[in-house]
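Reader: I should like to learn how a helix and single residues are read in a model of this kind. May we take them in turn?

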Amino acid sequence: MDARKISLVRTTFKAVAAADDGPERLVRSFYAILFSHYPGTREFFPATMNVQRDRLLRALGHVVENFDDSELILPFLAQLGRDHRKYGVADEHYIAVGNALVTALEDFAGGEMWTEEVDLAWREAIALIVSVMMEAAHLEAGPRTWTGRVVEHKQVLRDVAVVRLQLDQPLRYGAGQYVGVSVPGRPRMWRYLSPSIPANDQGQIEFHVRRVSGGWVSPAMVGQTALGDEWLISSPLGALGVDRSTGRDQLMIGSGTGIAPLRAQVMEMAMRGNNPRVHLFVGGTYPCDLYDLETLWQIARTNPWLTVIPVSQEDTDPWWHIDPTPITPPGMHQRLTGKLGEVVAEFGAWADRDIQIVGSPALVQTVKYRLQAKGTPLANIRHDPLA
Ligand SMILES: Cc1cc2nc3c(=O)[nH]c(=O)nc-3n(C[C@H](O)[C@H](O)[C@H](O)COP(=O)(O)OP(=O)(O)OC[C@H]3O[C@@H](n4cnc5c(N)ncnc54)[C@H](O)[C@@H]3O)c2cc1C
C-alpha cells in the first residue's frame, strides 16, 4: 500500500478514536452488521462480547498504527490468522468480516469523510489484512484444536491452580510458547495459557492458572475444574524461548504464574548437555506466593548453569496465610525482598544477557522500565504480547 492510502486509513481511524465513544460505537456497529448480514458468524463468538470488542479494537489500532512497518505487522497478522483456526473460520468468514468492517467505518465516517479515495484505501488495507491471515491459516498443518482431559487439578495457592491434562494427541510447541485454551462452562471464551512443562510424546501438558478477580474465565479454571473435564487447546503461538544463536547467557524474570513458560524452558534445557548460564528471578507479593521454588531448586541442584533467585515484595506472609511458608531450601540463593524490577536492576544492567520477562502486563512494563533505566538495551528484552 502506498503512503497516501496508509495516511487516509490512519486519518479515518484517528477520527473514530477522537469521537465521543467512537471506538466502542464503531465495534458495536461492526458486530451488529456482521451478525445481521452474516448470521452464521455469530456462533464463533461467546455470549458476552466485551472482551471480543476490546481485542478487535486493539488489534485494528495496532495494525493501522504500524501499517508501514511490514516486519512488525506481517508476522502479527500471520500469527492472528493461525490463531483464528481454533474458531473454525473459513475463507468466506474473512470476507464477511472485511465487508462488515468497511460498512461500519463508512456508516461511522459519514458522507463527507468517506470519499471514494478513502473507501478504496480501506478496501485495499482490509484485503491485505485478510489475505495475510488466510494464507498463514492455510499454511498451518495439524489439527485446529486438541482435546485435553483434566487428570489433576491442584490448588497450590488460594488463587492459583496447577492443572494437568492428557491430550488426545501430542502437541508440538517450543518451551516458552503459549496456547489458546477454552474450558467447559465458558464456551468460545478462549484465553491464552503458557504450558509449564516442555512438549512431550506422551501428550501430557500442564498449566499454572491464577484467578483474576472479576475475570470471566480464570475463576472457572481455578475454582470449577473437575477431573475428567475436557479443555480445548489451540496451536502454539509466541516467540519466547532460548535463542542459542546469540551465544549469550540468559536472564529470566517471572512473577506469579509467569514462571510457567520459564520453568518449561529450564526443564527442556536440563535435558541437554550444553547450556548457557541462566539467572532465573522468581517473584511474588508474599513469600508464600513462591509456590514452585522446590521444583526449580531441584532442577538447579543438578544443573550448575542455573541460578534461581527468589524475590518477594513483602518480607512476611499475610496474616490470613495459614499453610507453612516454603522456606528457601539450603544452598539456594537467599530470598530477597523488594519490588521485582528494582531487585533485578540492583544487580546491574545485565547488558550482556538475553532477557525474558513474564508476568502480568503491569509487572512486565515495570520491570522493563527499571532495566531500561539501568541501561539495559531494549533490543535484549523480550516478552509475550501484553494483552
Ligand atoms: C501470552 C499470554 C500468556 C498467558 N499465560 C497465562 C498463564 O500461563 N497463566 C495464567 O494464569 N494466565 C495467563 N495469561 C492470562 C490469561 O490469558 C487471561 O488473560 C487471564 O486468566 C484473565 O482471564 P479472565 O477471563 O479471567 O479475565 P477477563 O474476563 O479476560 O478480564 C477481566 C479483567 O481482568 C483484567 N485482567 C486480565 N488479565 C489480568 C492479569 N493477568 N492481571 C491483572 N488483570 C488482568 C482485564 O483487563 C479485565 O479488566 C496469559 C496471557 C497472555 C496474553
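Author: The following turns treat one helix and then two residues. This is a predicted model, in which local features need pLDDT of at least 70, side-chain atom pairs count only at pLDDT 80 or more, and totals for chains, interfaces and linings use all residues. Residues are numbered from 1 along each chain as its sequence is written, and side-chain values use heavy atoms, with hydrogens and water left out.

Reader: How many residues has helix H2, and what span does it reach?

Author: Helices (H or I, at least four residues) and strands (E, at least two) are DSSP runs, numbered from the N terminus. The expected span is 1.5 Å times one less than the number of residues. Helix H2 (residues 22-37) has 16 residues and reaches 22 Å from first to last C-alpha, close to the expected 22 Å.

Reader: Which residues of H2 are buried, and against which helices do they pack?

Author: An α-helix has 3.6 residues a turn, so residues three or four places apart point the same way. Buried means under 20% relative accessible area, exposed over 50%, and partly exposed in between (1.4 Å probe, protein chains only). Among the buried residues of H2 are Leu26, Phe30 and Leu34. The buried residues pack against helices H1 (3-18), H3 (50-65) and H5 (91-113); contact means heavy atoms within 4.5 Å.

Reader: Is Asn200 buried or exposed?

Author: Asn200 is buried because its relative accessible area is 14%. Asn200 lies in the loop between strands E4 (191-193) and E5 (204-210), and touches Pro170 and Arg172, not counting residues up to four places away in sequence.

Reader: And is Leu139 buried or exposed?

Author: Leu139, in helix H6 (residues 116-139), counts as exposed because its relative accessibility is 69%.
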